[in-house]
Amino acid sequence: MADLKTLNYDDLDNFSKLQKSQRYADIIQKVEEALEKGTVLEYKKLIEDCNQLLVDIENEIVIVHNFIREKYRLKFQELESLVHHPIDYVRVVKRIGNEMDLTLVDLEGLLPSAMIMVVSVTASTTKGNQLPKDVLLKTIDACNRALDLDSARKKVLDFVDYVIVCDTY
């Protein structure tokens with residue numbers, strides 16, 4: 001993984017490459033086919049590939065999360081110290097977007113009620129700035145990538161669980 005402090009955070013495509021790789025596409029396709037058909041051929045090799053892909057997905061989520069944090073600091077710097085889990089942070093950023101009045105943003109279902117209160121109170125005392133449109137679009141695009149990666153991670157884990165259950169019985 002590249003040194004995150006030296007990355008140019010202007011273009012996510014410069015360092016977030018996993019989802020565009022052929023290896024990623026091939027493994028995800030095999031996992032989807034296996035889950036749809038309920039059969040697994042050569043599952044041992046695919047399990048090995050899935051394990052490595054899970055590591056790669058986690059690393060990619062870290063990279064994308066750092067990109068989002070870097071961009072969103074202008075808007076709501078304290079959010080990263082309040083919402084620690086990368087996917088929770090991504091969901092909150094996507095939901096808030098450029099809204100300056102958090103009382104207009106429904107965070108229900110994204111965070112526990114107590115955390116929603118803390119985020120709302122902190123936002124009301126923070127002097128954040130709206131993001132320029134191009135920065136907001138890059139940030140939302142990055143949020144979508146992180147959520148897609150999380151979805152792929154869940155799919156791969158479902159497949160691995162499926163193989164373990166089938167192999168056990």
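The following exchange discusses the nonpolar core, one helix and the cysteines of a predicted model.

Colleague: Which helix gives the most residues to the largest nonpolar core?

Modeller: The largest nonpolar core holds 50 residues, and Ile 68, Phe 76, Leu 79, Val 119 and Phe 159 are those that touch the most other members. Helices H1 (22-37), H2 (43-76), H3 (79-82), H4 (86-96), H5 (113-124) and H6 (133-168) each supply at least two residues of this core. The helix that gives the most, with 13 residues, is H2.

Colleague: How far apart are the end C-alpha atoms of H5, and what should its residues span?

Modeller: H5 has twelve residues, and at 1.5 Å a residue these should span 16 Å. The expected span agrees with the distance in the model, where the end C-alpha atoms of H5 are 17 Å apart.

Colleague: What arc around the axis do the buried residues of H5 cover?

Modeller: The buried residues of H5 are Ile 116, Val 119, Thr 122 and Ala 123, and what covers them includes H2 and H3. The face turned away from this buried side carries the exposed residues Ser 113, Ala 114, Met 117 and Ser 124. The buried residues lie on the same side of H5, because the arc that they cover around the axis is only 135°.

Colleague: Is Cys 50 buried or exposed, and how many disulfides does a search of the whole structure find?

Modeller: Cys 50 has 0% relative accessibility and therefore counts as buried. Cys 143 also counts as buried, because its relative accessibility is 0%. As for disulfides, the number found in a search of the whole structure is zero.

How values were computed:
Residues numbered from 1 in each chain as written. Predicted model: local features only at pLDDT ≥ 70, side-chain atom pairs only at ≥ 80, totals over all residues. Heavy atoms only, no water. Core = buried A, V, L, I, M, F, W, Y, C linked by side-chain atoms within 4.5 Å. Buried < 20%, exposed > 50% of the residue type's maximum accessible area, 1.4 Å probe, protein only. Helix = DSSP H or I, 4+ residues; strand = E, 2+ residues; numbered from the N terminus. Expected span 1.5 Å × (residues − 1). Arc of directions from axis to C-beta. Contact = heavy atoms within 4.5 Å. Disulfide = S-S within 2.5 Å.
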